[in-house]
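I opened the file and kept short notes as I went. The entries follow the order in which I looked things up.

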Amino acid sequence: MPSLKDLKTRINSVKSTQKITSAMKMVAAAKLRRAQEAAEQGRPYADRMRQVMANLVTKSHGVDGPALLVGNGKSDIHLLVVMSADRGLCGGFNGSITRQTRSEVSLLRSEGKTVKLLMVGRKSADALRRELGEVYLDQLEGIQGTSVSFADAVSIGKIIRNGFEAGEFDVCTVIYNKFVSAITQEVTLARLIPAEVGPGEAASANEASTVNYDYEPEEDELLANLLPRNISTQLFNALLESSASELAARMTAMDNATRNAGDLIDRLTLVYNRSRQATITKELIEIISGAEAV
Amino acid sequence: MAKTTQLELVTPARVMVQKAVEMVVAPGVEGLFGVLPRHAPLLAELARGVIEVHENGKIVNRYMIDGGFADVTPEAVTILAERAEDLDAADAADLNTRADAAPEVEADFLRAVAAAL
């Protein structure tokens with residue numbers, strides 16, 4: 001049976017934890033609103049870009065198109081771009097990314113492929129370092145929260161393009177949390193190289209391309225400029241989604257933590273009051289039985 | 001016959017413009033081109049320059065972009081630009097302060113916008 005003093009200390013410590021978690025929840029909620037807006041406003045650009053790409057792809061390049069578009073004909077070495085958070089305390093956010101990455105890696109390895117990783121964000125990088133650290137291509141930090149800029153996406157895109165041109169990998173896929181709602185985030189895989197065109201988009205583009213597009217400048221030149229931008233755009237989109245998801249996950253996790261702390265405080269207070277009552281009763285009995293004995 | 005074409009100017013951060021217009025003049029890499037309703041489908045790369053929106057034969061809006069792509073269909077013009085500024089809302093002093101704080105590539109564009117005012 002813990003003493004009254006112990007209980008009091010315990011309650012106070014849970015109370016101060018609750019203050020911290022509820023402050024973190026509030027901060028995450030405020031940031032989330034901005035991040036969510038950014039993610040939603042960033043979607044049209046990425047969507048249009050995909051549409052333009054779909055238009056170009058359905059012009060049927062076969063195997064002779066630019067390597068960034070149709071790949072280099074091989075799929076031996078896979079690069080996974082993993083987007084996690086730099087900080088923890090955001091529920092299953094980092095865990096689900098890490099888990100997905102691990103299963104993806106073992107799947108690719110069982111198919112006899114070589115895997116390389118480009119880690120964006122510290123948490124997954126730390127979690128996987130011991131088992132997969134030797135295949136890290138690079139690790140980037142500090143691209144998080146509400147400060148994601150297009151320039152960040154361009155610089156990651158540059159790393160990927162340089163690696164691809166140097167023949168370090170053949171296929172590039174991004175793994176990130178897609179923001180669905182404040183309580184749901186979806187781990188998503190998006191292929192960057194060769195460029196992925198969804199079946200729906202390809203179909204709608206097919207309709208559009210029955211009329212022939214004019215190109216200015218020539219198609220090849222246009223593609224050479226468009227493809228790098230497409231990669232940056234898709235990365236930027238993934239970064240925005242990922243940071244909105246992170247904040248949403250943190251908000252939910254901190255909300256739960258605050259609620260749990262509240263429950264714990266209630267329970268501890270009950271125990272505290274009971275034992276206080278018991279002590280008082282015990283003391284009364286002692287006094288009364290003492291008085292009777294006289 | 002349609003009298004307007006749907007103009008959309010989209011940057012990674014947001015949809016900047018979305019409205020029906022009579023004519024758009026865009027800075028293609030091979031020279032300026034105008035787009036009227038029912039223009040033939042065209043995919044063009046754009047250079048740094050000014051997009052002019054015409055209404056009743058007059059320029060009503062001007063936007064400066066730092067290169068990009070225009071996807072023209074008979075019904076719509078979609079312009080994808082990494083950076084864009086509304087020249088009517090921009091203010092040279094403000095642009096220069098932003099340019100000083102921005103990374104080099106962006107600063108360069110902002111100064112160019114300030115110069116074009």
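**Entry 1: the sheet of chain A**

I began with a single strand pair: A:Lys178 stands opposite A:Glu186, which belongs to S5(A). The model I am reading is a predicted one. I then looked up the strands around this pair. Strand S4 of chain A covers residues 171–179, and it pairs with S5(A) in the antiparallel sense over eight bridges.

Next I traced the whole sheet. I found an open sheet of five strands in chain A, in the order S3-S2-S1-S4-S5. Its pairing is mixed. Which strands form the edges? I noted strand S3 (136–140) and strand S5 (185–193) of chain A, each of which pairs on one side only. I also looked up the twist: neighbouring strands are turned by 20° against each other on average, direction ignored.

I then checked what packs on this sheet. Helix H4 of chain A, residues 122–132, does so. I listed its strand contacts in chain A as S1 (77–83), S2 (114–120) and S3. The direction of H4 makes about 155° with that of S3(A).

**Entry 2: backbone exceptions**

I went through the backbone torsions next. As background, most residues other than glycine have a negative phi, and most peptide bonds are trans. I wrote down three places that depart from this.

The peptide bond from A:Ile193 to A:Pro194 is cis, and I read omega near -10°. I located A:Pro194 in the loop that runs between S5 and helix H6 (199–208) of chain A.

The bond from A:Glu216 to A:Pro217 is cis too, with omega near -5°. A:Pro217 sits in the loop between S6 and helix H7 of chain A, and I noted the range of H7 as 219–293.

In chain B, I marked B:Arg38. Its phi is positive, about 65°, although B:Arg38 is not a glycine. I placed B:Arg38 in the loop between S4 and S5 of chain B.

**Entry 3: a hairpin in chain B**

I stayed in chain B and looked at S3. This strand spans residues 23–28 and pairs with S4(B) in the antiparallel sense over five bridges. I picked out one bridge: B:Pro27 has B:Leu32 of S4(B) as its partner. How many residues lie between the two strands of this hairpin? I counted two between S3(B) and S4(B).

**Entry 4: where the chains meet**

I turned to the interface. On the chain B side, 27 residues are in contact with 22 residues of chain A. I noted a buried area of about 2200 Å² between the two chains, with 63% of it on carbon and sulfur atoms. Which residues of chain B lose the most area to chain A? I recorded B:Pro12, B:Leu43 and B:Phe69, which together make up 29% of what that side buries.

I looked up the polar side as well. Six residue pairs are in polar contact between chain B and chain A, with both residues at pLDDT 80 or more. I then listed the strands of chain B that each supply at least two residues to the side touching chain A: S1 (5–10), S4 (31–35), S5 (42–55), S6 (58–72) and S7 (76–81). S6(B) gives the most, with five residues. By class, I tallied 14 nonpolar, seven polar and six charged residues on this side of chain B.

The chains also share strand pairing. Strand S6 of chain A, residues 214–216, pairs with S5(B) in the parallel sense over three bridges. I noted B:Leu42 in S5(B) as the bridge partner of A:Asp214.

**Entry 5: salt bridges**

I finished with the salt bridges. Over all chains the count comes to 15. Two salt bridges run between chain B and chain A. I followed one of them: B:Glu8 pairs with A:Arg48, and the closest N and O atoms are 3.2 Å apart. B:Glu8 lies in strand S1 of chain B and A:Arg48 in helix H1 (residues 4–57) of chain A, so this pair joins two chains.

Key
Residues are numbered from 1 along each chain as its sequence is written. Chains are lettered from A and ligands numbered from 1 in the order in which they are written. This is a predicted model: local features need pLDDT of at least 70, side-chain atom pairs count only at pLDDT 80 or more; totals for chains, interfaces and linings use all residues. Side-chain values use heavy atoms; hydrogens and water are left out. Contact means heavy atoms within 4.5 Å. Buried area is the accessible area (1.4 Å probe) that two parts lose on being put together, summed over both. A salt bridge is a side-chain nitrogen of Lys or Arg within 4 Å of a carboxyl oxygen of Asp or Glu. A polar contact is a pair of N or O atoms within 3.5 Å; within protein, one must be able to donate a hydrogen and the other to accept it, and residues adjacent in sequence count only if both atoms are side-chain atoms. Helices (H or I, at least four residues) and strands (E, at least two) are DSSP runs, numbered from the N terminus. Ala, Val, Leu, Ile, Met, Phe, Trp, Tyr, Cys and Pro count as nonpolar, Asp, Glu, Lys and Arg as charged, and the others, Gly among them, as polar. Two strands pair if DSSP finds at least two bridges between them. Axes are lines fitted to C-alpha atoms, for helices over the stretch in contact, and angles run from 0 to 180 degrees between N-to-C directions.
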